[in-house]
Amino acid sequence: MILISACLLGLNCRYNGGNNLDKELMKYLKDKEYVIACPEQLGGLPTPRNPSEIVFGDGKEVLDGKSRVKDNKGQDVTMSFIKGARETLKIAKLYNVKTAILKEKSPSCGNVAIYDGSFCGKLKEGSGITAELLKQNGILVFNENNYKENI
């Protein structure tokens, strides 16, 4: 069973109310079993919502209590992101997920690079909160750009 970021399959759950439909990914999943999740919605955040970024470090620092997630208006939304990660992990465990394909650059789902916290479009190396929590629990995490080479 594969866990997929809901936005990659066309669900309008992105911060701006849109999606990141990936038709190649949909073709890839045609004969596979998968479950979808949007960690930010599972954490109780509305759609649409203000864009959010991890202030310092990455998802590991947030989970360790060493960093926060703030939206572009300065509101601390850390607890919603952590709750969403935990709820996503519950779904993954319920469905015995071994692999996840998540949306790169997201403060929840990014697994190689995330935005740097400046809201200037700059990236930094690291994982989002959900991607990090899944990895810590033995789930292989890929994104829409690297799953084909790895699964």
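Here is a walk through this predicted model, strand by strand and then out into the loops.

Let's start with strand β5, which covers residues 99-102. In a regular strand the side chains alternate between the two faces of the sheet. For β5, both of those faces are covered: T99 and I101 are buried on one side, and A100 and L102 are buried on the other. On to its partners. β5 runs parallel to strand β1 (residues 2-5), with three bridges joining the two, and within that pairing A100 has L3 opposite. β5 also pairs with strand β8 (residues 140-143), again in the parallel sense, over four bridges. There, L102 has N143 of β8 as its bridge partner.

Now follow β1 the other way. Four bridges join β1 to strand β2, and these two run parallel. L3 turns up again here, standing opposite V35 in β2. To get from β1 to β2 the chain passes through helix α1 (residues 23-28), and this β-α-β crossover is right-handed. What about the two faces of β2 (residues 34-37)? V35 and A37 make up a covered face, while Y34 and I36 lie on an uncovered one. While you're in this part of the chain, have a look at Y28: K32 lies over the face of its ring, 4.2 Å from the ring centre.

Next comes the loop between β5 and β6, and there is plenty to see in it. K103 belongs to this loop, and its side chain makes a polar contact of 2.5 Å with the side chain of E144. Leaving aside neighbours within four places in sequence, K103 is in contact with several residues, including S5, C7 and L8, as well as C109 and G110. K105 is in this loop too, and its backbone is worth a second look. Most residues other than glycine have a negative phi, and most peptide bonds are trans. K105 is not a glycine, yet has a positive phi of about 80 degrees. With a relative accessible area of 35%, K105 counts as partly exposed.

Further along the loop sits S108. Is S108 buried or exposed? At 1% relative accessibility, S108 is buried, since the cut-off for that label is under 20%. Not counting residues up to four places away in sequence, S108 touches P39, E40, F81, G128, I129, T130 and A131. Its C-alpha atom lies 13 Å from that of D71, 37 residues away along the chain.

N111 is in the same loop between β5 and β6, and its 10% relative accessibility makes N111 buried as well. A polar atom of the N111 side chain lies 2.9 Å from the backbone oxygen of V141. V141 is also among the residues that N111 touches beyond four places in sequence, along with F142, N143 and N146. That list includes A131 and K135 too.

Several of those contacts lead to helix α5, residues 129-136. Why call α5 largely enclosed by the rest of the structure? Because six of its eight residues are buried: I129, T130, A131, E132, L133 and L134. Just after α5, G138 takes a positive phi of about 80 degrees.

For a contrast, try E125, which is in strand β7 (residues 123-125). E125 has a relative accessible area of 77% and is exposed. Beyond its neighbours within four places in sequence, E125 is in contact with V112 and A113. The C-alpha atoms of E125 and T88 are 22 Å apart, with 37 residues separating them along the chain.

Two more backbone details round off the tour. N96, in the loop between α4 (78-94) and β5, has a positive phi of about 55 degrees although it is not a glycine. N96 is partly exposed, at 48% relative accessible area. And in the loop between α2 (39-42) and β3 (52-54) you'll find P48, joined to T47 by a cis peptide bond with omega of about -5 degrees.

Definitions and conventions. Residues are numbered from 1 along each chain as its sequence is written. This is a predicted model: local features need pLDDT of at least 70, side-chain atom pairs count only at pLDDT 80 or more; totals for chains, interfaces and linings use all residues. Side-chain values use heavy atoms; hydrogens and water are left out. Buried means under 20% relative accessible area, exposed over 50%, partly exposed in between (1.4 Å probe, protein chains only). Two strands pair if DSSP finds at least two bridges between them. A polar contact is a pair of N or O atoms within 3.5 Å; within protein, one must be able to donate a hydrogen and the other to accept it, and residues adjacent in sequence count only if both atoms are side-chain atoms. Contact means heavy atoms within 4.5 Å. A crossover is right-handed if, with the strands pointing away from the viewer, the path from the first strand over the helix to the second runs clockwise. A charge sits over a ring if NZ of Lys or CZ of Arg is within 6 Å of the ring centre and within 35 degrees of the ring normal.
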